[in-house]
Amino acid sequence: NETYARFPGSDRYLTAILAAQSAYPAGSCTSVIIATGANYPDALAAAGLGGAANAPVLLVNPARSRAEVITEIKRLTQGQPSFKLYIMGGTAAVPTSSESWLKSSLTGESVERFAGTDRYHTARLVAAKMKSLLGGSFGTKALLVPGMDFTDGLIVGPAAYSAKAPILLTRPQSDWELAGTLQQLGTTELVLCGSTAALPAASAETYLKGVVPGLTTVRSTSS
């Protein structure tokens with residue numbers, strides 16, 4: 001028989017907290033990921049990092065500080081002499097005021113921000129961090145999702161977390177920066193998450209396999 005759990009937060013910020021409370025016992029985390037609740041791209045890229053760092057994703061409201069977020073970070077990290085806050089995105093996503101509020105409300109934290117020039121760059125920075133964290137256990141698989149829609153990235157988030165595999169965002173056209181990142185990561189298996197309408201074969205398969213040595217692709221789609 002199937003069972004399920006509902007996280008009935010009154011908004012996305014409280015729902016994220018309830019999910020973290022369900023998954024992580026008190027004092028079990030030395031890292032917490034912070035992403036804006038006002039847009040989706042940076043939170044998508046955080047899924048793999050969550051698996052690599054054993055860290056939940058909490059959302060912040062750029063317009064209003066939420067005391068519940070601080071309370072949850074303290075619960076997650078209680079008893080830890082120090083812990084890391086990973087902030088997803090630049091100050092346009094998570095403002096300096098939000099970072100200052102977190103720092104002034106917590107003790108023992110160090111902050112690392114992935115401030116890419118855009119959503120694609122931020123995802124690449126996160127992937128590089130995952131490789132650094134995992135070292136020799138970092139795998140050769142990466143997941144590729146469209147950067148202009150959240151659906152496919154949202155669906156594959158749990159798979160990225162479980163596999164400790166990075167989620168990379170891509171543009172519809174050929175992306176030489178993505179190709180360079182795949183080479184740096186040592187990726188040999190790229191899972192294309194979406195149909196050819198979302199991830200065109202010419203840019204997501206033909207181009208990348210032509211410029212990234214040893215790369216294979218497999219497409220995961222319901223269509």
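**Figure 1. Asn54, a partly exposed residue in the loop after helix 2.** In this predicted model, Asn54 is partly exposed, with a relative accessible area of 37%. Look for Asn54 in the loop that runs between helix 2 and strand 2 (57-60). The backbone deserves a glance here: Asn54 has a positive phi of about 50 degrees, although it is not a glycine.

**Figure 2. Lys164, another loop residue with a positive phi.** Lys164 is not a glycine either, and its phi is near 55 degrees, a positive value. This residue sits in the loop between helix 6 (151-163) and strand 6 (167-170). How buried or exposed is Lys164? With a relative accessible area of 37%, Lys164 counts as partly exposed. Follow the chain across to Ala47 as well: the two residues are 117 apart in sequence, yet their C-alpha atoms are 8.4 Å apart in space.

**Figure 3. Ala47 in helix 2 and its contacts.** Ala47 belongs to helix 2 (residues 41-53). Its relative accessible area is 16%, and since buried means under 20%, Ala47 counts as buried. Which residues does Ala47 touch, leaving out those up to four places away in sequence? They are Gly157, Ala160, Tyr161 and Ile167.

**Figure 4. Ala123 in helix 5, a buried alanine.** Helix 5 (119-134) is home to Ala123. With a relative accessible area of 1%, Ala123 is buried. Setting aside neighbours within four places in sequence, Ala123 is in contact with Ala45, Ile167, Leu168 and Leu169. To include Gly147 in the view, note that Ala123 and Gly147 are 24 residues apart in sequence and 9.8 Å apart in space, C-alpha to C-alpha.

**Figure 5. The buried face of helix 7.** Five names to pick out in helix 7 (176-185) are Leu178, Ala179, Thr181, Leu182 and Leu185, the buried residues of this helix. They cover an arc of only 160 degrees around the axis, which puts them on the same side of helix 7. A little helix geometry is handy for this view. An α-helix has 3.6 residues a turn, so residues three or four places apart point the same way. Which residues are exposed on the other side of helix 7? Trp176 and Gln184 are exposed there. The cover over the buried residues of helix 7 includes helix 5, strand 5, strand 6, strand 7 and helix 8.

**Figure 6. Helix 8 and the elements it packs against.** Helix 8 (residues 201-211) has Ser203, Ala204, Glu205 and Leu208 as its buried residues. Seen down the helix axis, these buried residues fall within an arc of 165 degrees, so they line one face of helix 8. Turning to the other side of helix 8, you will find Ala202, Thr206 and Gly210 exposed. What do the buried residues of helix 8 pack against? Their partners are strand 5 (141-146), helix 7, strand 7 (189-193) and strand 8 (216-220).

**Figure 7. Thr77 in helix 3, a buried threonine.** Helix 3 spans residues 67-77 and contains Thr77. The relative accessible area of Thr77 is 5%, and this residue is buried. Not counting residues up to four places away in sequence, Thr77 touches Gly27, Cys29, Val32 and Phe83.

**Figure 8. Arg113 in strand 4 and its contacts.** Arg113 is found in strand 4 (residues 109-114). Its contacts, residues up to four places away in sequence not counted, are Ile87, Gly89, Gly90, Thr91, Val94, Pro95 and Glu99. Leu85 is another residue to locate here: C-alpha to C-alpha, Arg113 and Leu85 are 8.2 Å apart in space, with their positions 28 residues apart in the numbering.

**Figure 9. The whole protein, for orientation.** Step back from the close-ups and you can trace 8 helices and 8 strands. The C-alpha trace spans about 50 × 40 × 35 Å along its principal axes. For 223 residues, a compact globule would have a radius of gyration near 17 Å, and the 18 Å of this protein agrees with that. Of the 223 residues, 47% count as buried. Among contacts between residues at least 6 apart in sequence, 75% join residues at least 24 apart. The protein exposes about 10,400 Å², and carbon and sulfur atoms supply 53% of that area.

Terms used: Residues numbered from 1 in each chain as written. Predicted model: local features only at pLDDT ≥ 70, side-chain atom pairs only at ≥ 80, totals over all residues. Heavy atoms only, no water. Helix = DSSP H or I, 4+ residues; strand = E, 2+ residues; numbered from the N terminus. Rg over C-alpha atoms; globule rule 2.2 N^0.38 Å. Buried < 20%, exposed > 50% of the residue type's maximum accessible area, 1.4 Å probe, protein only. Contact = heavy atoms within 4.5 Å. Areas by Shrake-Rupley, 256 points an atom, 1.4 Å probe, with all protein chains shown as cover. Arc of directions from axis to C-beta.
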